Amino acid sequence: MHNGTKASVHMRTLAIAMQKGGVGKSWLTRSLAVAASQDNLNVVVIDMDSQQSTVAWSERREADAPFVQFSTERELPALLKRAEDAGCDVVFIDTPPARSTETPAAVDAADMVLIPCTPDIEAYEQIARTERLARLAGKPALAVLTMTQPSGKSEQDIGQEIFANLKLAMALPSIARLKAHRDAAREGKTATETEPGGRAAQEIAALWMCIKEQANIGTNAVVHKGKRAKVQK
Ligand SMILES: Nc1ncnc2c1ncn2[C@@H]1O[C@H](COP(=O)(O)OP(=O)(O)OP(=O)(O)O)[C@@H](O)[C@H]1O
Ligand SMILES: [Mg+2]
């Protein structure tokens, strides 16, 4: 029953997709999922890559949030329904590289598509395909420039220009290639947990604020402090 005073809570679903391999899809999924959990949101991560590197990361973790679950495209709608019923605020879906049936399914299920891209020609050549996938599905998309040189802004400027030519919005800040991200991954963590004051953590935190605003996350959400969305198999 609606009492008219509270907006209904809508779970938001973000698909992390990019045709090119190794550009940071799984890193972005994990980093944002932890940042959202630290922001007191109930988070579910769905790994649709059969390599299951995000599932493996979660198995290295000692913390039990965020909840990470592997899913095929066939199981995805039911899993999303269970997440919503469990009070989940935001779902991040990690997808495989190359052409797959999982990525279109994730994009169809999503409210927004995040497209990580490294500052190299091979990635720039492929980003149009993923942008097109999102556009044809009618989903807003945001590029995230990752693994840039830690010094200088020129790569960010070039990336921004390339994305603008595709009419693709870019999330800011871009993310520098830093050892802190890899070190954290080894422990099943992210830089906001292992080096909270450091540059890697600051960049993730700022990126999360940008994406949270762009995807309208948490504006209507009731924050369930101390409660964690858990999706039963
Ligand atoms: N900003 C960063 N700085 C340093 N290393 C990074 C950064 N972002 C990602 N990495 C590392 O780069 C590698 C590739 O990233 P990741 O596995 O997230 O890419 P992917 O797009 O998911 O790859 P695949 O297409 O194979 O699924 C990983 O070892 C990851 O830890
Ligand atoms: Mg991956």
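Start with Gly22: a polar backbone atom of Gly22 sits 3.0 Å from an oxygen atom of ligand 1. Keep in mind that this is a predicted model. Ser26 also offers a polar backbone atom, and here the distance to an oxygen atom of ligand 1 is 2.9 Å. With Lys25 the partner belongs to the side chain: an N or O atom there lies 2.8 Å from an oxygen atom of ligand 1.

How many residues are around ligand 1? There are 17, and the ones that come nearest are Gly24, Lys25, Ser26, Trp27 and Ala176.

Now to helix 1, which covers residues 25–38. I will take its two packing partners in turn. Two packed helices are described by the angle between their axes and the distance between the axes.

The partner I take now is helix 2, residues 53–60. The axes of helix 1 and helix 2 are 10 Å apart, and the angle is about 45°. An angle from 65 to 115 degrees would count as roughly perpendicular and one under 35 as roughly parallel, so helix 1 and helix 2 are oblique to each other. Their crossing is right-handed. On the helix 1 side, Ser26, Arg30 and Val34 make the contact; on the helix 2 side, Ser53, Thr54 and Trp57 do. By class, that contact has 3 polar, 2 nonpolar and 1 charged residues. Ser26 therefore turns up twice in this talk: in the contact with helix 2, and with its backbone by ligand 1.

The other partner is helix 9, residues 199–214. Its axis and that of helix 1 come within 10 Å and cross at roughly 80°. That value makes helix 1 roughly perpendicular to helix 9. Which residues make the contact? From helix 1 they are Trp27, Leu28, Ser31, Leu32, Ala35 and Ala36, and from helix 9 they are Ile204, Leu207, Trp208 and Ile211. Sorted by class, 9 are nonpolar, 1 is polar and none is charged. Trp27 of this contact is also one of the residues that come nearest to ligand 1.

Last, some backbone details in the loops. Past helix 1, in the loop that leads to strand 2 (43–47), is Asn40. Asn40 is not a glycine, yet its phi is positive, about 65°.

Then the cis peptide bonds. One runs from Ala65 to Pro66, with omega near -5°; Pro66 is in the loop between helix 2 and strand 3 (67–70). Another joins Leu172 and Pro173, with omega about 5°. Where is Pro173? Pro173 lies in the loop between strand 7 (169–170) and helix 7 (179–186).

Notes: Residues numbered from 1 in each chain as written. Chains lettered and ligands numbered in written order. Predicted model: local features only at pLDDT ≥ 70, side-chain atom pairs only at ≥ 80, totals over all residues. Heavy atoms only, no water. Axes fitted to C-alpha atoms, helices over the stretch in contact; angles between N-to-C directions. Helix = DSSP H or I, 4+ residues; strand = E, 2+ residues; numbered from the N terminus. Parallel < 35°, antiparallel > 145°, perpendicular 65-115°, else oblique. Left-handed = near helix turned anticlockwise from the far one by under 90°. Contact = heavy atoms within 4.5 Å. Nonpolar A, V, L, I, M, F, W, Y, C, P; charged D, E, K, R; others polar. Near = heavy atom within 4 Å. Polar contact = N/O pair within 3.5 Å; in protein donor to acceptor, adjacent residues only side chain to side chain.
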